[in-house]
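User: I've got a model open and I'd like to know what stands behind the labels people put on it. Can you take me through them?

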Amino acid sequence: MMEEKTFKTMGIAGGANLAIGICMLTGGIAMGILLIISGARLLKTRTKIVF
């Protein structure tokens with residue numbers, strides 16, 4: 001009885017960890033792409049700045 005509950009709890013925790021990991025990976029890739037685009041725009045407009 002106790003072993004079944006343990007295995008069920010481990011299965012739920014494993015599934016949740018997997019889902020959170022996939023979300024974090026997707027979010028990290030998206031943020032990296034946005035940072036690259038932002039940096040490229042800054043470098044592109046750097047020459048237009050006059051002090």
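Analyst: Sure, surface to begin with: the protein exposes about 5,100 Å², and carbon and sulfur atoms supply 76% of that. Those areas come from the Shrake-Rupley method with a 1.4 Å probe, and for residues only the protein chains shown count as cover. This is a predicted model, so local features need pLDDT of at least 70 and side-chain atom pairs count only at pLDDT 80 or more, while totals for chains, interfaces and linings use all residues. Residues are numbered from 1 along each chain as its sequence is written, and side-chain values use heavy atoms, with hydrogens and water left out.

User: What makes residues 2-45 helix H1?

Analyst: Helices are DSSP runs of H or I with at least four residues, strands are E runs of at least two, and numbering goes from the N terminus. H1 has 44 residues, and the protein has one helix and zero strands.

User: How do you know what span to expect for H1?

Analyst: The expected span is 1.5 Å times one less than the number of residues. For H1 that is 64 Å, and from first C-alpha to last the helix reaches 64 Å, close to expectation.

User: How does the radius of gyration set the protein against a compact globule?

Analyst: The radius is taken over C-alpha atoms, and the globule rule is 2.2 Å times the number of residues to the power 0.38. A compact globule of 51 residues would come out near 10 Å, but the protein has 22 Å. Its C-alpha trace spans about 75 × 15 × 5 Å along the principal axes.

User: Why is Leu-25 called exposed, but Ile-37 partly exposed?

Analyst: Buried means under 20% relative accessible area, exposed over 50%, and partly exposed in between (1.4 Å probe, protein chains only). Leu-25 is at 57%, so it counts as exposed; Ile-37 has 41%, so it is partly exposed. Buried residues make up 0% of the 51 residues in the protein.

User: What makes Leu-25, Ile-29, Ile-33 and Ile-37 a patch?

Analyst: Patch residues have over 30% relative accessible area and no salt bridge; like charges are joined within 9 Å, nonpolar side chains (Val, Leu, Ile, Met, Phe, Trp, Tyr) within 5 Å. A salt bridge would be a side-chain nitrogen of Lys or Arg within 4 Å of a carboxyl oxygen of Asp or Glu. These four make a nonpolar surface patch of about 380 Å².
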